[in-house]
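Please study the sequence and the model shown below before attempting the exercises. Each exercise gives a task and then a solution in steps.

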2 protein chains.
Amino acid sequence: MSLREERKQKSHQAILDAALRLSSRGRAFSNISLRELSREVELVPTALYRHFKDMQQLGIELLDQTSLHIKSVLNQLGQAYFYQANTRTSTAIELFFQAVESHPEPWLFFISERWGGSDFLRSGIEREVHFLVEDLMHELEKMQSLQQMNAPQDLRGLAQILIDLSLTWAMRWISIQRLPEDIRHSHREACKAQTIIQMQLLLRGILHWQSSSQRTIADHPDSV
Amino acid sequence: MSLREERKQKSHQAILDAALRLSSRGRAFSNISLRELSREVELVPTALYRHFKDMQQLGIELLDQTSLHIKSVLNQLGQAYFYQANTRTSTAIELFFQAVESHPEPWLFFISERWGGSDFLRSGIEREVHFLVEDLMHELEKMQSLQQMNAPQDLRGLAQILIDLSLTWAMRWISIQRLPEDIRHSHREACKAQTIIQMQLLLRGILHWQSSSQRTIADHPDSV
DNA sequence: TGTACATCAGTGAACGCGCGTTCACTGATGTAC
DNA sequence: TGTACATCAGTGAACGCGCGTTCACTGATGTAC
C-alpha cells in the first residue's frame, strides 16, 4: 500500500475509534456532532468529509466493526462452553465478563444503540442480532446434549434468550465500572453469582424440556 | 383548584405528553430540543420555563410517570399470574402484550433510555429497575410453589431475569408495530409463541431448581 | 356586587453560540517521461 | 535519477440555521376591600 493510502486508512480508523470513544462515554450516537468528533480526533471538521459522506455512513461502518467484535467473542465463548463438557458455567461466565471488560466499547455501542435514537442503527443492530440468533441456533442444533429440545422453534427461542441475556449481562457488568471504586469488587462478585444462577436456571429448564406438543396442559408453576 | 391552577396543570401535563410522544417516535431524549418540544406542544419556547427549570427536570418527571405506569402493569399481571393457578402462561403473556400495545410509549421511553444517552435518566431508570426487582422478589418469596427455590440470592436472580426479560419482550412486541402491515400478524404470532417457549423454559428451570449448595458439581448440560 | 391592584402563564424580540456544509486553498505524495 | 504535472488528505474562512436563554411585555385570573 502506498504511503498516502496507509495514512488515509489510519485517519479513517482514528475517526471510527474516536466515535466509539465518544459513544462509550455515554453519548447517544444521534447526539454526537461532526464537529465534536473532529475535535476528538484532532482533525479539522471538513477533513471528515474525505472519509465519510455523513454521520450515518460513519455509523454504519462503526456498527460493522463492533458487530464483528461481538460476533467473534460470542462465537468463541459459545464454542468453548458448549463443546467442552468439563467447562464449568462459572468459568464460562467469568471468561465472558473478562472479554467484555477488556473491550467494553463495542458492547456499549451495540447495546445502547439497539433501542437508541437512530433509525438506521436500530434496524442494523436488529439485523445483526438476528444473525447472532440464527448462528447460535444452528450451533445448538448440532449438540447432542440438547436432544430433548429439537424442535426448531424451541431452539430459536433458546438461542434468542441466550443472545438477549448475553447483552443484558454484558451491560450490567460494564455498569459496575461506573461505580465508585471501593464498592466495585462486591458488586462484581454479586453480579457474577447472579448471572450464574440465571444461567443455571436456563440449563435446568433445558434439561427438563418437553417439546411443545407435550406441554400444552401443565405449564403453570402451581399446576404441576 | 382555581381556574388558573387547572390550566397550568393541563399545560404541564401536555408538555410531558409531548415529550413522551417525541421519544416514542424514536428520538433519544438527549436529542430532543426545548424548541422542538415547544413546537410539538404548541407553546412558545419560553413558556416551558414556567413549568420546568430545564430538560433534565422534565426528564425526571417523565421518568416518574412512566415508571409508575410500568410498575402498575407488571404488578397487576404478576399478581394475576402467580396467584391464580389456573392462569395459563399463554394467557398471561397475551395480557402482557395487550397492555404494552395499548400504551407503548412508557415502555419505549423506559427501555430506550435505560442504556441511552442521558446520565441522569440512566441512573434513574436503574433505580426503578432495582425497585421492580426487589418488589417482585418479595412477591416470589411468598409463593408456595417456589419452596424449592427459597435462597434470597436465587430469588433475586429469578426476579431480575424476569424483569429484564419483560422489558426485552415488551420492546420486541413494540418493534413489530413498526413493520409493514401485511407481515405484522405473522410476526406477532411468532413473537408470542417464542415468548411462551422462553417463559416455559424458565418455569421448568424453577420446577427443577436445587439450591446453590446442592448444585455446585453438576452444572453443565453435558455433565448431568 | 364593583373596583383597584397583584399575580403569573404565556408572548415575542433579541442575543450569542455551535452546528453542518460549501468552497478555494495548500503542500506532501504519486506518476509519467 | 530528475523534472513537470496530477492527485488528494487535510486546511481555514465563510454561510445560514436552530439552539437555549434573557428580558420586558400582555392580558386573563385571583384577591382585598
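The exercises below concern a predicted model and treat the DNA strands, the aromatic pairs, one histidine and the relation between the two copies.

**Exercise 1. Describe the protein surface near DNA strand C.**

Step 1. Begin with the residues. There are 20 residues around DNA strand C, and those that come nearest are Arg7(A), Arg39(A), Arg4(B), Ser11(B) and His51(B).

Step 2. Sort the surface by class. Near DNA strand C it has eight charged, six polar and six nonpolar residues.

Step 3. Consider which parts of the strand are approached. Sugar or phosphate holds 49% of the atoms of DNA strand C within 4 Å of the protein, and the rest belong to bases.

Step 4. Examine single contacts to phosphate oxygens of DNA strand C. One such oxygen lies 2.5 Å from a backbone N or O atom of Leu34(A). For Tyr49(A), an N or O atom of the side chain is 2.7 Å from a phosphate oxygen. From chain B, a polar backbone atom of Val44(B) is 3.0 Å from a phosphate oxygen.

Step 5. Assign the surface to elements. Two or more residues come from each of helix 1 (3-24) and helix 2 (34-41) of chain A and helix 1 (3-24) of chain B.

**Exercise 2. Carry out the analysis for DNA strand D.**

Step 1. Of the 20 residues around DNA strand D, the nearest are Arg4(A), Ser11(A), Arg7(B), Leu34(B) and Arg39(B). Of the atoms of DNA strand D within 4 Å of the protein, 48% are accounted for by sugar and phosphate.

Step 2. Turn to the polar contacts. The side chain of Arg39(B) has an N or O atom 2.4 Å from a phosphate oxygen of DNA strand D, and a polar backbone atom of Leu3(B) is 2.7 Å from a phosphate oxygen. Arg4(B) reaches a base instead: an N or O atom of its side chain is 2.8 Å from a base oxygen.

Step 3. Helix 1 of chain A, and helix 1 and helix 2 of chain B, each supply at least two residues of this surface.

**Exercise 3. Analyse the aromatic pairs.**

Step 1. Over all chains, the whole structure contains 10 aromatic pairs. In one of them, Phe97(A) and Trp173(A) are stacked, at 4.2 Å centre to centre with 5° between the planes.

Step 2. Locate the partners. Phe97(A) is in helix 4 (residues 89-102) and Trp173(A) in helix 7 (residues 152-176) of chain A, 76 residues apart.

Step 3. Decide whether they are buried or exposed. Buried requires under 20% relative accessible area; Phe97(A) has 1% and is therefore buried, and Trp173(A), at 3%, is buried.

Step 4. Compare a pair in chain B. Phe29(B) and Phe120(B) are edge-to-face, 6.3 Å centre to centre and 75° between the planes. Because Phe29(B) lies in the loop between helix 1 and helix 2 (34-41) and Phe120(B) in helix 6 (residues 119-142), the pair ties together parts 91 residues apart in sequence.

**Exercise 4. Characterise His51(A).**

Step 1. His51(A) is in the loop between helix 2 and helix 3 (55-83) of chain A.

Step 2. With 15% relative accessibility, His51(A) counts as buried.

Step 3. Not counting residues up to four places away in sequence, His51(A) touches Lys8(A), Ser11(A), His12(A), Ile15(A) and Gln57(A).

**Exercise 5. Determine how chain B is related to chain A.**

Step 1. Chain B is superposed on chain A by a rotation of 180° with 0.0 Å of shift along its axis (RMSD 0.0 Å).

Step 2. The two copies are therefore related as by a two-fold rotation axis.

Step 3. The C-alpha of Gly205(B) is the nearest to the axis in chain B, at 1.9 Å.

Terms used:
Residues are numbered from 1 along each chain as its sequence is written. Chains are lettered from A and ligands numbered from 1 in the order in which they are written. This is a predicted model: local features need pLDDT of at least 70, side-chain atom pairs count only at pLDDT 80 or more; totals for chains, interfaces and linings use all residues. Side-chain values use heavy atoms; hydrogens and water are left out. A residue is near a molecule or strand if one of its heavy atoms lies within 4 Å of it. A polar contact is a pair of N or O atoms within 3.5 Å; within protein, one must be able to donate a hydrogen and the other to accept it, and residues adjacent in sequence count only if both atoms are side-chain atoms. Helices (H or I, at least four residues) and strands (E, at least two) are DSSP runs, numbered from the N terminus. Ala, Val, Leu, Ile, Met, Phe, Trp, Tyr, Cys and Pro count as nonpolar, Asp, Glu, Lys and Arg as charged, and the others, Gly among them, as polar. Rings of Phe, Tyr and Trp (its six-membered ring) pair if their centres lie within 6.5 Å; planes under 30 degrees apart count as stacked, over 60 as edge-to-face and the rest as tilted. Buried means under 20% relative accessible area, exposed over 50%, partly exposed in between (1.4 Å probe, protein chains only). Copies are superposed by least squares on the C-alpha atoms of residues with pLDDT of at least 70 in both. Contact means heavy atoms within 4.5 Å.
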